[in-house]
Amino acid sequence: MMNDPIIKVIKSNKPGPSITIIAGIHGNEVSSIKSVQKLINYPPLIQKGKLTLILANPKAIFRNKRFIEEDLNRCFLKDKTRTGSYEEELAEYLKKYLQDQDICIDLHCSNVPQTETFVICERNASRLLKYIDTNKIIFGFDVYEPGGTDYYMNLNRKIGVCIELGALNNNKATKKGIEIVYNILSSQEMIDKEIKIYQRQSVFNISRYFIPSGNFIIKKEFEDFETIKKGQIIGIDDNKEITNQINRRIIFARSVDNREYPIKRGFIVINNIR
């Protein structure tokens, strides 16, 4: 049915890792969706283990909307308040697939046109990071924004990684997603392909998570990982200037209208820890 997630499972005859590649948690993130669509249409030859490819929110994908009733990226919470939403039902359905997986790679993309590929994960995923073509990694989202597939995998003592590939509808981001998936599969000896190792990756942690008290208007369009200086005005929250206390980097900065959902967070400030 059109309302069910699109799922393709590729099994080998040899034991090995079980890895899920998922996209379409947000239905308007076209670049990442195209990555998984192409993998479904032209799947890799798996030599060991099992690969599961998922397009998670078909209704939202069809309508090119972030979600239909509720943000699916917040529906994998341990003790979620029940809403009976379409996305909540999707999450319960998808949990059955994720429960027996060793690794879940959740592909996303950004509203920021200039954004580069970066990774959101926790430290338990550290062994995978050198196989991902990025030089920016952020720890700490499980505390501030729980409820995604990566959070759910971590909750079950497995590995969950969220990869922001680039801009919403960008062919380079789509290609990057496929290349990253192939390299991760190679690193786990699931396919026969040369493994690329990426070093000198910068690691960040969340140092400030700003939730507006009212309507929040950003001062300008900030690029992800843009440096903001001490005292710099980031935006206006109900006529009050919101400034930064110390030189840091900023991500996911956007205006917030309290009459609308999904995003109630105004911005995140991160600090470099390595």
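1. Let's start with D238, which sits in the loop between β11 (233–237) and β12. Its phi is near 50 degrees, a positive value in a residue other than glycine. Most residues other than glycine have a negative phi. D238 counts as partly exposed, at 47% relative accessibility. Please keep in mind that this is a predicted model.

2. R157 makes a good companion to that point. Phi of R157 is near 60 degrees, again a positive value in a residue other than glycine. You will find R157 in the loop between α6 and β7. R157 counts as exposed because its relative accessibility is 79%, and exposed means over 50%.

3. Next, have a look at N244. Is N244 buried or exposed? N244 counts as buried, because its relative accessibility is 3% and the cut-off for buried is under 20%. Its place is in the loop between β12 (240–243) and β13 (248–251). Leaving aside residues up to four places away in sequence, N244 touches R208, I228, K229, K230, G231, Q232, I234 and V269.

4. D224 deserves a little time on screen. D224 lies in the loop between β9 (216–218) and β10 (226–228), and this residue is buried, with a relative accessible area of 10%. Which residues does D224 touch, not counting those up to four places away in sequence? They are S110, V112, T115, F118, I250, I251 and F252.

5. Some of those neighbours of D224 can be described further. The side chains of D224 and S110 are joined by a polar contact of 3.4 Å. A polar atom of the D224 side chain also lies 2.9 Å from the backbone nitrogen of F252. As for I251, its C-alpha is 4.3 Å from that of D224, although the two residues are 27 apart in sequence.

6. Now to the cavity. The structure holds one cavity of 30 Å³ or more, and the volume of the largest cavity is about 320 Å³. Its lining is made by 25 residues, with N73, E145, E164, F252 and R265 lying nearest the centre. F252 therefore turns up twice in this note: its backbone nitrogen is 2.9 Å from a polar side-chain atom of D224, a buried residue, and F252 is one of the residues nearest the cavity centre.

7. Which elements give two or more residues to that lining? They are β4 (103–110), α5 (141–144), α6 (149–155) and β7 (159–167). β4 gives the most, with four residues. By class, the lining has 10 charged, eight nonpolar and seven polar residues.

8. Turning to the nonpolar packing, the largest nonpolar core has 37 residues, and I21, L51, I105, L107, V161 and I163 touch the most other members. Elements giving two or more residues to this core are β2 (18–23), α1 (30–41), β3 (50–55), β4, α4 (126–129), β6 (136–139), β7 and α7 (171–187). Of these, α7 gives the most, with six residues. β4 and β7 appear here and in the cavity lining too.

9. If you would like one residue to centre on in that core, try I21. Not counting residues up to four places away in sequence, I21 touches V36, L51, T52, L53, I54, I105, L107 and V181. Apart from this core lies another, of 17 residues, including I22, C75, F76 and L90.

How values were computed. Residues are numbered from 1 along each chain as its sequence is written. This is a predicted model: local features need pLDDT of at least 70, side-chain atom pairs count only at pLDDT 80 or more; totals for chains, interfaces and linings use all residues. Side-chain values use heavy atoms; hydrogens and water are left out. On a 1 Å grid over the protein atoms alone, a cavity is a set of points where a 1.4 Å probe fits but cannot get out, and a pocket is an open set with protein on both sides within 12 Å along at least five of seven lines; lining residues have an atom within 4 Å of a point. Grid points are joined across faces, edges and corners, and a volume is the space filled by probe spheres set on the points. Ala, Val, Leu, Ile, Met, Phe, Trp, Tyr, Cys and Pro count as nonpolar, Asp, Glu, Lys and Arg as charged, and the others, Gly among them, as polar. Buried means under 20% relative accessible area, exposed over 50%, partly exposed in between (1.4 Å probe, protein chains only). Contact means heavy atoms within 4.5 Å. A polar contact is a pair of N or O atoms within 3.5 Å; within protein, one must be able to donate a hydrogen and the other to accept it, and residues adjacent in sequence count only if both atoms are side-chain atoms. A nonpolar core is a set of buried Ala, Val, Leu, Ile, Met, Phe, Trp, Tyr and Cys residues joined through side-chain atoms within 4.5 Å.
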